[in-house]
Amino acid sequence: MTKIIKWGILGLGNIAQKFAEDLSLIEGAELVAVASRSKVKANDFSSKFNVKQAYDSYANLAKDPNVEAIYIATPHSYHQEHAILCMKHKKAVLCEKPFAMNLSEVNKMITVAKENNVLLMEALWTFFLPHYKYLLDTIKNQSLGKLEKLEADFGFKAAYDLESRFLKKEIGGGSLLDIGIYPIFAALSTLGYPKSIEANASFYKTGADSECNMFFNYDDATAVLKSTLLQETKSEAIYTFTDGVIKLNTRFHEPTAITITKNGKETTKDISFKGFGYYYEISHFNQLLRDNKKESDVMNFEFSRVLIKTIDKVRNLIGLEY
């Protein structure tokens with residue numbers, strides 16, 4: 001019999017809804033409790049997903065003895081606080097990206113995970129998606145030769161609303177932390193940490209960055225990256241190899257088709273997916289728990305550290321402080 005992992009969700013926004021739907025597709029997993037600061041929101045969410053327990057207190061969710069794992073989906077600036085709250089109550093934590101606001105916070109979270117002997121992982125779902133695993137396998141087996149260049153962008157036009165989380169610098173609003181993390185991830189997961197980084201940005205009146213352009217320089221490769229809240233972009237990731245090109249099509253960070261160009265011939269590879277795509281990171285996390293692991297072998301602590309360290313570097317270059 002597969003051990004049933006009993007989940008809780010902390011923070012009940014849009015992404016939590018999709019996470020809950022994908023969780024319902026997984027054998028051996030059950031959503032048993034949810035928490036929001038709003039009792040009405042918690043009750044509505046629990047009714048929609050047939051969840052037994054709805055809390056208007058994050059602390060009460062963390063204390064719930066029936067919950068083994070908690071998915072944290074609150075704004076970026078609360079990730080450290082909420083992850084530590086849950087881990088101190090011996091809960092395994094899957095924390096939405098970005099892991100935290102800076103390297104110092106990430107290091108603190110990892111320290112608390114080790115002190116409490118609990119599983120902790122950053123929920124960067126792209127790492128686990130089938131189309132991205134196909135890309136990583138192609139790089140590893142060098143079927144298209146050596147990777148020489150990456151061009152990745154992520155952009156959409158955000159409404160100019162001073163109450164929007166995208167414009168609120170104090171909670172990590174702006175393009176870099178919210179969507180710039182994906183082009184940066186695309187570079188780090190394939191080319192590693194660059195020799196040097198160049199970056200420039202534009203800003204809203206609130207101080208949050210509205211657009212960020214980044215250039216990663218390597219010994220034998222380059223990465224040209226962009227995040228923007230000012231315009232709709234193709235949101236593609238184009239990997240150029242010595243013997244061909246792989247393009248992760250629009251909204252490359254989520255389930256999408258792959259276009260492969262080799263010897264002048266272009267083919268499109270459609271890859272089947274389950275649910276919204278959160279299915280894969282949840283399944284990975286469940287297996288880690290069943291195996292009594294305290295750290296992922298895919299989205300490991302070192303990768304999370306390098307990711308936030310890179311974001312910190314870009315922030316320093318563009319003069320962005322939270």
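Trainee: Morning! Which helix gives the most to the lining of the second largest cavity?
Mentor: Helix α9 (residues 301-318) does, with four residues. Helices (H or I, at least four residues) and strands (E, at least two) are DSSP runs, numbered from the N terminus. A cavity is a set of points on a 1 Å grid over the protein atoms alone where a 1.4 Å probe fits but cannot get out, and lining residues have an atom within 4 Å of a point.

Trainee: Anything I should know about the model first?
Mentor: The model is predicted, with pLDDT of at least 70 needed for local features and 80 or more for side-chain atom pairs, while totals for chains, interfaces and linings use all residues. Numbering runs from 1 along each chain as its sequence is written, and side-chain values use heavy atoms, without hydrogens and water.

Trainee: Back to that second largest cavity: what lines it?
Mentor: The lining is made of Pro98, Phe99, Ala100, Glu122, Ile181, Ser304, Leu307, Ile308 and Ile311. By class, the lining has seven nonpolar residues, one polar and one charged. Here Ala, Val, Leu, Ile, Met, Phe, Trp, Tyr, Cys and Pro count as nonpolar, Asp, Glu, Lys and Arg as charged, and the others, Gly among them, as polar.

Trainee: And how much space lies in there?
Mentor: About 30 Å³. Volume is the space filled by probe spheres set on the points, which are joined across faces, edges and corners.

Trainee: How many cavities does the structure hold?
Mentor: Two of 30 Å³ or more. The largest has a volume of about 40 Å³, and Pro75, His76, Arg165, Ile171, Gly172, Gly173 and Asp178 line it. That lining splits into two nonpolar, three polar and two charged residues.

Trainee: Switching to pockets: how much space lies in the largest one?
Mentor: About 920 Å³. A pocket is an open set with protein on both sides within 12 Å along at least five of seven lines. Its lining counts 33 residues, with Gly13, Asn14, Ile15, Arg165 and Asp178 nearest the centre. Two elements, α1 (14-23) and α7 (175-191), give two or more residues to this lining.

Trainee: How do those lining residues divide?
Mentor: There are 15 nonpolar, nine polar and nine charged residues around the largest pocket. Arg165 and Asp178 also turn up in the lining of the largest cavity.

Trainee: What about the second largest pocket, what's its volume?
Mentor: About 160 Å³. Of the 15 residues in its lining, Lys146, Leu147, Thr190, Leu191 and Ala221 lie nearest the centre. The split is eight nonpolar, three polar and four charged.

Trainee: You mentioned α1. At what angle do α1 and α8 pack?
Mentor: α1 and helix α8 (residues 279-290) pack at about 65 degrees, with their axes 9 Å apart. Axes are lines fitted to C-alpha atoms, for helices over the stretch in contact, and angles run from 0 to 180 degrees between N-to-C directions.

Trainee: Which residues meet there?
Mentor: On the α1 side they are Phe19, Asp22 and Leu23, and on the α8 side Tyr279, Glu281 and Ile282 (contact means heavy atoms within 4.5 Å). That contact has four nonpolar, no polar and two charged residues.

Trainee: Now the sheets. In what order do the six strands run?
Mentor: They form an open sheet, β3-β2-β1-β4-β5-β6, with parallel pairing. Two strands pair if DSSP finds at least two bridges between them. At the edges sit β3 (53-55) and β6 (120-123), each paired on one side only. From one strand to the next, the twist averages 25 degrees.

Trainee: How do β5 and β6 pair?
Mentor: Strand β5 (residues 92-96) and β6 pair in the parallel sense over four bridges, and Val93 has Leu120 in β6 as its bridge partner.

Trainee: Which strands does α2 lie across?
Mentor: Helix α2 (residues 39-48) lies across β1 (5-10), β2 (29-35) and β3, and runs at about 160 degrees to β3.

Trainee: And the sheet of eight strands, what's its order?
Mentor: That open sheet goes β8-β9-β10-β7-β11-β12-β13-β14, and its pairing is mixed. Its edge strands are β8 (196-203) and β14 (265-269), each pairing on one side only. The twist averages 10 degrees from one strand to the next.

Trainee: In what sense do β12 and β13 pair?
Mentor: Strand β12 (residues 244-248) and strand β13 (residues 258-262) are antiparallel, over four bridges. Lys247 stands opposite Thr259 in β13.

Trainee: Which strands does α7 touch?
Mentor: α7 packs on this sheet against β7 (147-155), β9 (209-217), β10 (222-228) and β11 (237-241), and its direction makes about 165 degrees with that of β10. α9 packs on the sheet too, touching β8 and β9, with its direction at about 60 degrees to that of β8.
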